[in-house]
Amino acid sequence: MEKRWVVKPIHDKQAVYELSHELGISNILARLLVLRGISTFQQSKDFFRPSSNQIHSPSLLKDMDLALSRIMRAIETEEKILIYGDYDVDGTTAVALLYQFIRNELGYKLLSYYIPDRYNEGYGVSKQGVKYAIESGYTLIITLDCGISDFNSIATAKANRIDVIVADHHMPSTETPAALAIINPKQKDCSYPYKELSGCGLAFKIIQGLAQRYELPKESYLQYLQLVAISNACDIVEIKGENRTLASYGLRQLNESPNKGLRALIELFNVNNTPLSFEDVAFQIGPRINAAGRIAHAKLAVELLLAETATKGHEIANQLNDLNSERKTLDKSHTQEAITELSSAEGSPALNQHSVVVYNSSWHKGVIGIVASRLVEKYHRPTIVLTQSNGLLTGSARSVKGINIHQAISECQHLLKAYGGHQSAAGLSMFEDNLNHFQKHFDQTINQQTGGSPIIPELEIDAEVELSDISPKFIRILKQFEPFGPGNMQPVFITKNITEYAAWKITGNNHLKFIIKPSDSIIFDCIGFNLGDYVDLFLAGQSIDICYTIAEKCWNNKTFIQFFIKGIRPHNEDN
């Protein structure tokens, strides 16, 4: 689907002018800052130089002091503590972080962790998990990245004299479970100044609080930010404010001193030992960790993160790599089956529906979330992919910009067995008899959110630049905008009326490669994934406009600038 090119508007041009002069940077770079809500010298300093002083006090979180006191009492009276986490990257990194801190920094050994089986137990605090805690004599459960909607399981734990501390970043409903303490900045009565922490980020706030209570140095908890960085990159939380600070520290640790398991994992793909980007974390580390819970059992991911020897780290890393290869095969085959099914169905979503809901009982539950994301890319509609599990239809939902998919699903809750998630992604389950009714009702709710208008994808552009603007200084400062993510996406630039292109060719799966050579001494390498259909513009020698992001790449010990092309169109003076 062709995207509409939209240049983001600037509402405070004076701030751009003042920042440019105060910081000694170009108007383009100042514009990027203002687009990110940064308009003063101090805000710019905080953005470019994240400091641990920008990390908020954990005591500002509702129920945090109560939770810390209960954990300390459990340690003092030698109670058994169970750390319970979700099976995705956010949950497994959170479990590993809290478990390692209590065990290694506090020296407390009467604790263990529990990760539910995706297929036999499903998401959240399961009956089996609570049963295990009861039978094993645990008196305190700490849930991470789950628990906010697990009313029955937590009530069962409480009835059996087990206190539960819930640390969950998912959107709470009007009712909350009967836990001893609930740590969730999204609670209406929580005054914590930053609302978008990941599940692992909340685990970090717990260890920050414990370290302060036990008067431990900052290094005792800051060293675990590499795990927070992984969760932030993979759970698609915004990378601004406190999250940006946590991610910046964590990314530095991953490059300088990753733990033994992560080092082994990184060596599998980073054979040239180049500095990791946040994108590498999201698309190289994350999928391998996630593969454990998708294909086998997520405890394998926790074992990697807790590995105490390089040998153990390499052993588990290789297992995760194999599982990820299997995941890729399933992902590709399921996506193609879904596209075939949708294209042959009456009322194809590509033609006249507001949403995509597709079901196949044979699909692997572990990859349906990825398939949903692939279908969103193709159809640009809110998408739910369902399969069968334990007598129910279980699904993963993914959304597009401007559509709150959690809200849309909640309006269909009378047809569901369970659901949960946030604005851009969610999970749900239902009885098969309700599928047709759900499909129609869900499509109606999406239609209401859009006001009946078609959802046209947009290519948002940060700034128009001339090729001469892209100097070494420009690149050096642009790199300091990293790590990129929601709220601080990699800037997209537009350059118009380009004629100095050469060496174009189609490579791989319809990818377009070419170079732009504005002078004898400057060459920009360009690649446009899945843009091979635009080669006719080059063959005709047409002047073109391009939208792109800029990255500094290293190959054979040589550094070069590469444009990742997001859009191409023939140049028109009216554009």
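## Exercises on a predicted chain

Let's start with one residue: Ala 503 sits in strand E15, which runs over residues 501-507. Keep in mind that you're looking at a predicted model.

**Exercise 1.** Work out whether Ala 503 is buried or exposed, and say what stands out about its phi.

*Solution.*
- Step 1: Look up the relative accessible area of Ala 503, which is 53%.
- Step 2: Compare that with the cut-off: exposed means over 50%. So Ala 503 counts as exposed.
- Step 3: Now check the backbone. Phi of Ala 503 is near 55 degrees, a positive value in a residue that isn't glycine.

**Exercise 2.** Move on to Asn 510: find its place, its phi and its exposure.

*Solution.*
- Step 1: Asn 510 is in the loop that links E15 to strand E16 (511-519).
- Step 2: Its phi is positive, about 65 degrees, and Asn 510 isn't a glycine.
- Step 3: The relative accessible area of Asn 510 is 26%. Partly exposed covers the range between under 20% and over 50%, so Asn 510 is partly exposed.

**Exercise 3.** Describe helix H5, from its start to the residue just after it.

*Solution.*
- Step 1: Begin at the N-terminal end, where Asp 88 acts as the cap. A side-chain oxygen of Asp 88 lies 3.2 Å from the backbone nitrogen of Asp 90.
- Step 2: Check the length. H5 has 17 residues and reaches 23 Å from first C-alpha to last, close to the expected 24 Å.
- Step 3: Ask how covered the helix is: 14 of the 17 residues in H5 are buried.
- Step 4: Just past the helix, Gly 107 has a positive phi of about 70 degrees.

**Exercise 4.** Find the largest nonpolar core and see what builds it.

*Solution.*
- Step 1: Here's the background: in soluble globular proteins, nonpolar side chains tend to be buried together.
- Step 2: The largest nonpolar core here holds 99 residues, and Leu 144, Phe 204, Ile 206, Ile 285 and Leu 375 have the most contacts inside it.
- Step 3: Helix H5 (residues 89-105) is the top contributor to this core, giving 9 residues.
- Step 4: Apart from this core lies another one of 44 residues, including Leu 19, Leu 467, Ile 475 and Val 535.
- Step 5: Zoom in on Leu 375. Beyond its neighbours within four places in sequence, Leu 375 is in contact with residues including Val 356, Val 358, Thr 383 and Val 385.

**Exercise 5.** Decide whether Ser 396 is buried or exposed, and name some of its contacts.

*Solution.*
- Step 1: Ser 396 belongs to strand E9 (residues 392-398).
- Step 2: Its relative accessibility is 16%, so Ser 396 counts as buried.
- Step 3: Leaving out neighbours within four places in sequence, the contacts of Ser 396 include Ile 368, Thr 383, Val 385 and Leu 428.

**Exercise 6.** Zoom out and judge how compact the protein chain is.

*Solution.*
- Step 1: Take stock of the parts: the chain has 20 helices and 19 strands.
- Step 2: The radius of gyration is 25 Å, close to the 25 Å from the globule rule for 575 residues, so the chain is as compact as a globular protein of that length.
- Step 3: Of the 575 residues, 54% count as buried.
- Step 4: Look at contacts between residues at least 6 apart in sequence: 67% of them join residues at least 24 apart. For a case to look up, Ser 51 touches Thr 245, and their C-alpha atoms are separated by 6.7 Å although the two residues are 194 residues apart along the chain.

Technical notes: Residues numbered from 1 in each chain as written. Predicted model: local features only at pLDDT ≥ 70, side-chain atom pairs only at ≥ 80, totals over all residues. Heavy atoms only, no water. Helix = DSSP H or I, 4+ residues; strand = E, 2+ residues; numbered from the N terminus. Buried < 20%, exposed > 50% of the residue type's maximum accessible area, 1.4 Å probe, protein only. Contact = heavy atoms within 4.5 Å. Core = buried A, V, L, I, M, F, W, Y, C linked by side-chain atoms within 4.5 Å. Expected span 1.5 Å × (residues − 1). Polar contact = N/O pair within 3.5 Å; in protein donor to acceptor, adjacent residues only side chain to side chain. Rg over C-alpha atoms; globule rule 2.2 N^0.38 Å.
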